[in-house]
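Let's take a friendly walk through this structure, following a few charged side chains and the elements around them. Have the viewer open as you read.

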Amino acid sequence: MFLRSGRRAAGRRGAVAVLWAVAVLFLGACGTERAGGPDAPGGPDGASPPPWTTMEPSGVTGVRVGGDDRTLSIDTRVPSGARACVKDLKAVVTDRVNGAVWVQLTYSSPAGDRSSGCTEEKPATTRVTLPQPLGGQDVIVDHYTHFTRDGAKPPALRLCGKLGCHPPRTGCTVDSYDQAVIAAGVPMHNYRDSERCDGEWLVLDISWRTGPACDDASDPACSSRLGDRWFFRAGKSGWVPFFESPKGGCQDVRRREPRFPTALCASLAPLPAKLHPDYPAPSSSP
């Protein structure tokens with residue numbers, strides 16, 4: 001009797017031990033799936049996944065208006081990779097002022113950490129419904145990307161450029177000179193020292209500050225500048241830079257472009273050396 005009872009107890013203990021081992025293996029497998037499953041951005045090595053943060057897209061590529069004049073479809077680009085990289089992409093109307101509807105575009109992503117694998121981009125679209133019809137107003141997305149209906153082909157809106165939605169006509173005007181400076185890629189905070197223009201050709205002498213931000217006229221550092229001279233031809237979309245030279249007269253520019261009018265270059269003086277210093281090439285000798 002005692003022997004049979006001992007065998008039954010030993011059997012029960014063995015069964016419990018087997019069940020416990022199965023449970024440990026099951027829980028271990030679940031833990032492995034959570035840490036490094038195929039959809040987790042942290043990778044299969046069990047490392048903590050990168051955090052998801054809210055951010056704006058790198059750029060907005062298009063806006064379309066629905067037939068109800070209230071639904072905006074916004075095309076953008078979002079992170080992509082082997083695992084999940086984006087969630088909660090949405091557009092929210094934040095204001096309606098100064099003739100434009102302002103929209104903020106956001107999404108959540110672990111792309112701030114390269115270990116997430118979200119190192120590429122892909123196109124994406126989200127929609128937002130306006131409280132009122134868009135009418136003749138513009139759309140500004142994320143504070144700086146401007147779209148307008150003027151000159152657009154419905155249902156799309158037209159993307160505006162650096163000079164706004166209605167760039168100045170090419171000509172001898174201040175706005176047109178601003179366009180020329182942008183086209184030349186001159187450093188920011190620049191000054192136009194002189195302009196010579198006939199509507200088809202343009203010469204700009206441009207300088208930019210290089211010293212500290214100060215207003216003490218007696219301190220040479222406060223007024224230190226560098227500069228350059230640029231030559232432009234009129235193009236379909238504005239002034240097009242084609243030559244740069246600090247030298248005076250017409251010889252260099254007409255060698256590059258024989259059609260350039262001598263009336264605009266004959267009396268050009270060389271730029272001062274302090275404005276456009278000439279550094280000799282390094283010597284090849286030791």
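Glutamate 257 is buried, with a relative accessible area of 8%. In this predicted model, its side chain meets that of arginine 259 in a salt bridge, at 3.1 Å from N to O. Arginine 259 itself is exposed, at a relative accessible area of 59%. To call one partner buried and the other exposed, recall that the cut-offs are under 20% and over 50%.

That pair is one entry in a longer list, for the structure holds 11 salt bridges. Another of them joins the side chains of arginine 149 and aspartate 69, with an N to O distance of 2.5 Å. Where do the two partners sit? Arginine 149 is in the loop between strand E8 (145-148) and strand E9 (158-159), and aspartate 69 is in the loop between strand E2 (60-65) and strand E3 (71-80), so the bridge ties together parts that are 80 residues apart in sequence. Aspartate 69 is buried, at 17% relative accessible area, whereas arginine 149 is partly exposed, at 32%.

Now turn to the salt bridge between the side chains of arginine 192 and aspartate 178, at 2.7 Å from N to O. Arginine 192 belongs to strand E10 and aspartate 178 to helix H2, and the pair links these distant parts of the chain, 14 residues apart. Both are partly exposed: arginine 192 has a relative accessible area of 27%, and aspartate 178 has 32%. Glu195 joins in as well, since Asp178, Arg192 and Glu195 are linked in a network of salt bridges.

Helix H2 deserves a look of its own. Which of its residues are buried? Across residues 174-184, they are Ser176, Tyr177, Gln179, Ala180, Val181 and Ala184. As you look at that list, keep in mind that an α-helix has 3.6 residues a turn, so residues three or four places apart point the same way. The cover over the buried residues of H2 includes strand E10 (190-197), strand E11 (201-209), strand E12 (225-235) and strand E13 (238-244). Right after H2 comes glycine 185, with a positive phi near 70°.

One of those covering strands, E12, carries arginine 229. Is this arginine buried or exposed? It is buried, with a relative accessible area of 2%. What does its side chain reach? The side chain of arginine 229 makes a polar contact with the side chain of aspartate 205 at 2.7 Å, and also reaches the backbone oxygen of lysine 247 at 2.9 Å.

Terms used:
Residues are numbered from 1 along each chain as its sequence is written. Side-chain values use heavy atoms; hydrogens and water are left out. Buried means under 20% relative accessible area, exposed over 50%, partly exposed in between (1.4 Å probe, protein chains only). Helices (H or I, at least four residues) and strands (E, at least two) are DSSP runs, numbered from the N terminus. Contact means heavy atoms within 4.5 Å. A polar contact is a pair of N or O atoms within 3.5 Å; within protein, one must be able to donate a hydrogen and the other to accept it, and residues adjacent in sequence count only if both atoms are side-chain atoms. A salt bridge is a side-chain nitrogen of Lys or Arg within 4 Å of a carboxyl oxygen of Asp or Glu.
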